Amino acid sequence: MSPSLWQFFSAVSAAVPGRNAIWMHDRRISFGDLHERASRFAGVLASHGFGVQCERSELRDWECGQDTVALYLLNGPEFIEANLGGYGARTAPFNVNWRYVASELAYLLNNADAAVVVYHQRFAPTLAEVLPELKRQPLLIQVADGSGEALLPGALDYEAALAAADPAGDLRTSSDDCFLLYSGGTTGMPKGVLWRQEDIWQGVLRDPGLRKDADPSAAAAYAAGRTPERGLIGPPLIHGAGQWQALQGLFKGDSIAFLARSDRLDPVDFWTTVEQAGVNKSILVGEAFARPLLDEYDAGKYDASSLRAVVVGGAFTSQETKERFIASFPDVLIYDSAGSSESGRLLRKVTTKTARPASFSLFDHSTVLDPEKTRRLAPGEEQDGWLAGSGHIPLGYLGDEQKTKATFVHAEGRRWSIPGDRARLLKDGAVELLGRDSFVINTGGEKVFAEEVEQALIRQPGVADVVVVGRPSARWGQEVTAIIALQDGATPSDEAICRGAAETIARYKLPKAIVRVPRVERGPNGKVDMAWARTIAMGSSEPAQTQSPASQDALAAPQNVPGRLRALEA
């Protein structure tokens with residue numbers, strides 16, 4: 001039996017007990033203290049009878065067999081303690097998006113059959129609203145946050161519960177225990193992705209410098225022998241990017257730093273933390289985060305000389321913005337990765353002052369499958385296939401046999417995860433990432449990938465942020481619609497924006513309508529609120545500025561195209 005995540009964490013903590021694990025302004029928590037607090041939380045769960053109810057060997061791929069623990073928390077030590085302690089107690093902790101309204105929260109907690117909810121007290125009113133709707137009444141554990149909300153009836157105070165608990169002793173955890181991560185609802189309702197802990201360790205959390213067959217003692221020696229780094233956890237831990245970055249750092253003996261607040265982007269807070277904490281690495285999720293951060297850095301006086309690496313995966317970041325990073329930080333490595341909750345990392349690209357790759361490269365475990373999902377494509381085949389990963393991949397979706405079988409398929413004698421990204425394998429073996437299949441717009445018989453159009457539009461002068469969606473059209477079936485936010489003081493015309501975009505994408509891909517808004521609504525993880533975007537595109541919610549069609553001669557379009565569509569016709 002391979003080791004569990006708890007066993008790896010325990011070994012590393014024992015090897016470097018006095019080393020700082022968490023930095024958060026006036027709070028410093030060592031590995032030794034973090035392990036004790038996580039052990040106490042495991043003791044709280046165990047004392048209430050929570051843990052494993054059925055071993056993996058008796059379960060199907062979409063079944064968990066462990067009590068689930070909802071982490072309804074902002075970024076901070078308590079999320080990490082409850083997450084790790086949950087593994088120690090052989091429960092399955094999972095992330096809860098604190099932006100959810102009551103109906104969404106009720107759906108999530110019911111879908112996960114949550115046995116425990118650990119929540120910041122500011123979320124108590126929403127949680128109280130959904131409790132009558134839950135099929136299972138969970139144990140409530142409230143974390144104080146200064147908001148003044150009263151303890152819900154029957155709830156435990158987090159600090160009091162830890163103080164009263166005995167640290168869990170010999171925890172006989174298993175590598176077959178579940179790692180549960182809920183993927184956001186951009187392609188439907190949230191889905192719980194089930195991993196075996198051995199697979200999430202090997203596929204995502206193990207540092208590349210650590211041997212694949214390393215046991216906890218080897219991991220401890222590796223951590224003790226390294227000069228520790230400090231990673232800034234910019235994205236919320238309720239999303240995979242932030243949670244994985246935090247666990248990766250801790251499992252190799254590094255320190256993690258948190259911003260003062262994780263519910264919105266604050267560039268001043270970001271650069272102040274980089275300076276004060278001596279941050280070496282951070283994640284910036286896409287253009288919408290990177291641009292304002294660079295603007296603040298250029299305008300302020302920050303010492304960011306400790307910064308050595310930036311990860312920009314999770315959303316599109318333009319080459320122009322990467323060039324700005326290199327200009328400001330010549331020695332920083334920019335890691336661009338693509339993957340998903342259902343697959344882990346599948347593609348990579350590293351940009352430096354001397355290397356600027358245009359395309360992604362595959363990992364050993366990833367490939368591009370043919371459109372029918374039956375075989376791997378050969379380099380240079382003229383087909384738009386499916387990005388896929390094999391080896392250490394998830395079991396499936398919690399409670400959903402149909403989606404599990406649709407996403408995890410067998411081809412060429414191997415099991416593959418196909419999260420839904422379309423890609424093209426080039427002649428040299430590099431990969432052109434086309435975009436998520438669920439965001440393909442079928443317009444006039446042509447398929448248009450929304451992300452490709454967004455990449456062309458964001459490069460245009462004056463454009464600060466953009467999201468592209470399809471909306472129903474009597475003529476085209478769907479029409480490409482761009483929702484654009486401009487930079488302060490910028491006044492580019494729709495004609496100028498589309499004319500510039502037409503230099504890099506075919507004319508049929510250009511937006512047939514542009515809607516201008518003060519800002520594109522995004523979550524703290526940088527991803528667009530797609531429900532908001534579709535509402536704006538459909539015109540059922542009035543944007544700050546009304547739809548602004550291009551003039552008929554902007555692109556010398558055919559004269560028989562009616563009215564506002566004329567200039568943007570392919």
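Two helices count as roughly perpendicular when the angle between them lies from 65 to 115 degrees. In this predicted model, helix 7 (residues 197–205) and helix 9 (residues 240–251) pack at an angle of about 90°, with 11 Å between their axes, and they are therefore roughly perpendicular to each other. On the side of helix 7 the contact is made by Ile 200, Trp 201, Val 204 and Leu 205, which meet Trp 244, Leu 247, Gln 248 and Phe 251 of helix 9. Of the residues in this contact of helix 7 with helix 9, seven are nonpolar and one is polar, while none is charged.

Elsewhere in the chain, strand 5 offers a second point of entry. Seven of the seven residues of strand 5 are buried, so this strand is largely enclosed by the rest of the structure. Strand 5 pairs in the parallel sense with strand 3 over five bridges, with Val 116 of strand 5 serving as the bridge partner of Val 69. Strand 5 also pairs in the parallel sense with strand 6 (residues 139–143), again over five bridges, and here His 120 has Val 143 of strand 6 as its bridge partner. Between strand 5 and strand 6 the chain passes through helix 5, in a β-α-β crossover that is right-handed.

Helix 4 (residues 102–112) can be read against these same elements. Its buried residues are Ala 102, Leu 105, Ala 106, Leu 108, Leu 109, Asn 110 and Ala 112, and they pack against strand 3 (68–72), strand 4 (92–95), strand 5 (114–120), helix 5 (124–130) and strand 8 (178–183). After helix 4 comes Asp 113, with a positive phi near 50°.

Technical notes
Residues are numbered from 1 along each chain as its sequence is written. This is a predicted model: local features need pLDDT of at least 70, side-chain atom pairs count only at pLDDT 80 or more; totals for chains, interfaces and linings use all residues. Side-chain values use heavy atoms; hydrogens and water are left out. Buried means under 20% relative accessible area, exposed over 50%, partly exposed in between (1.4 Å probe, protein chains only). Helices (H or I, at least four residues) and strands (E, at least two) are DSSP runs, numbered from the N terminus. Contact means heavy atoms within 4.5 Å. Axes are lines fitted to C-alpha atoms, for helices over the stretch in contact, and angles run from 0 to 180 degrees between N-to-C directions. Angles under 35 degrees count as roughly parallel, over 145 as roughly antiparallel, 65 to 115 as roughly perpendicular and the rest as oblique. Ala, Val, Leu, Ile, Met, Phe, Trp, Tyr, Cys and Pro count as nonpolar, Asp, Glu, Lys and Arg as charged, and the others, Gly among them, as polar. Two strands pair if DSSP finds at least two bridges between them. A crossover is right-handed if, with the strands pointing away from the viewer, the path from the first strand over the helix to the second runs clockwise.
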